[in-house]
Amino acid sequence: AYRFAEPGDDRFQAAQLAARMAYLENRPTLAQIWLRRTAIHAPTDQDQDLLARDYRALRQINPWSLSLRGDLRPSSNVNNGADSAVNIINGIPDGGTLPASAQALSGLVGSLDLAASYRLHVSQTSRTTLGARLYVQRVKLSDSAQAQAPGVSNGQFNSEYAEISLEHLFRIGSAESQQSAGVQFTLGESRYGGQRNFRLVRIEATRAWMVGSSAELSLSGLAERRFDARYLSNEATILGVGAGYARELDSGDTVTFSAFFRDSDAEYRNGTYRSASLRASYGFAEQLGPAKVTASVGLGQSDYPSFQALVVRPPSRRTDTSYFGDLSLFFPDYDYAGFAPTLRFRLARNRSNVSAYSTRESSVSLGIQSKF
């Protein structure tokens, strides 16, 4: 009926009926697919809102969850390269010149982030989930970058990351207290330039409280061991703590603040560091023109107590200060099957007393996000 119906109300009703029948047959994934087809032909905003409500209900019922995100962004620094070919340490040139591949190169970056999970157990007080994630990033250098670094190929900057995880979330106290905690165990592997970068095992714990009726406070901690690394600087043990605060204002706007601290102890001194970062964001509930807008800023500080420079010289302290600004635009009115485009503008800067690690980037990202 859907295939042969005319686009519009007939297809809307056929897809809606198919979604109901899939739900009655206890096939929530198929019902979700039909709801997205229904969204293509929804005649009014009210119908769209009802579909979104039904889709969220199916997400709670369905043990399977699938998330796919992608973006494409022109960038002034696809390889996180240095600002200058000359390496300067504490204001003094060290006599070395950085290779072209270590300097900032412009180009195009594309990424896909696929995550899937399956609920192994769920009750009124807890949930256990098995998850998997695959992240793939590909780089295409610009003509000017290829002229700047003729011996460098796109594949040198490609990266992949894969992981499997087991997560257990549970309620603390009564339902009215709205307190929860969780623990997650993860195994993963990072690859860069076609070679394994490192493998990792990580355990994370979280604790969350509701503050009043419209705010949430969270604390987190992690312990991560990286092993089978290509370089000893990535053969490391990392400990971290974090805190977050999110609040919905009376206007419906949301504000979030987060802080993180990391301590890395590596088998080679260049991977041993301590870092702290702060991030704040503000999301507008109402659309500004055709877009829903979220603005974010961040600041970070890293300290490497005994850093070995590229040219042989006594180890010294390296300190980095980084900051960034993001402006994200989501266009919910221009959707297809519940997917709508996003646009993100980003400016980032890292200042280091070892100039090989002083970087800057400006980029514009085009992506897709679900409305549901």
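Me: In this predicted model, L130 is found in strand 5 (residues 126–141); why is L130 counted as partly exposed?

Reply: Buried means under 20% relative accessible area and exposed means over 50%, with partly exposed in between; L130 has 42% relative accessibility, so it counts as partly exposed.

Me: What makes up the nonpolar surface patch of about 910 Å²?

Reply: The patch is made by W64, Y118, L120, L130, I164, L166, V183, F185, L187 and I203. At least two of its residues are supplied by each of strand 4 (107–122), strand 6 (159–172) and strand 7 (179–192), and the largest share, three residues, comes from strand 7.

Me: S159 is found in strand 6; why is S159 called buried?

Reply: The cut-off for buried is under 20% relative accessible area, and S159, with a relative accessible area of 13%, is therefore buried. Leaving aside residues up to four places away in sequence, S159 touches Y135, V136, Q137, R138, R191 and Y192.

Me: How do you know that the length of helix 2 (residues 28–40) agrees with what its 13 residues should span?

Reply: The expected span is 1.5 Å times one less than the number of residues, so the 13 residues of helix 2 should span 18 Å, and its end C-alpha atoms, being 19 Å apart, agree with that.

Me: Which residues of helix 2 are buried, and what covers them?

Reply: The buried residues of helix 2 are P28, A31, Q32, W34, L35, R36, T38 and A39, and their cover includes helix 1 (9–24), helix 3 (45–61), strand 15 (339–352) and strand 16 (359–370).

Terms used. Residues are numbered from 1 along each chain as its sequence is written. This is a predicted model: local features need pLDDT of at least 70, side-chain atom pairs count only at pLDDT 80 or more; totals for chains, interfaces and linings use all residues. Side-chain values use heavy atoms; hydrogens and water are left out. Helices (H or I, at least four residues) and strands (E, at least two) are DSSP runs, numbered from the N terminus. Buried means under 20% relative accessible area, exposed over 50%, partly exposed in between (1.4 Å probe, protein chains only). Contact means heavy atoms within 4.5 Å. Patches are made of residues with over 30% relative accessible area and no salt bridge: like charges are joined within 9 Å, nonpolar side chains (Val, Leu, Ile, Met, Phe, Trp, Tyr) within 5 Å. Accessible areas come from the Shrake-Rupley method with a 1.4 Å probe; for residues, only the protein chains shown count as cover. A salt bridge is a side-chain nitrogen of Lys or Arg within 4 Å of a carboxyl oxygen of Asp or Glu.
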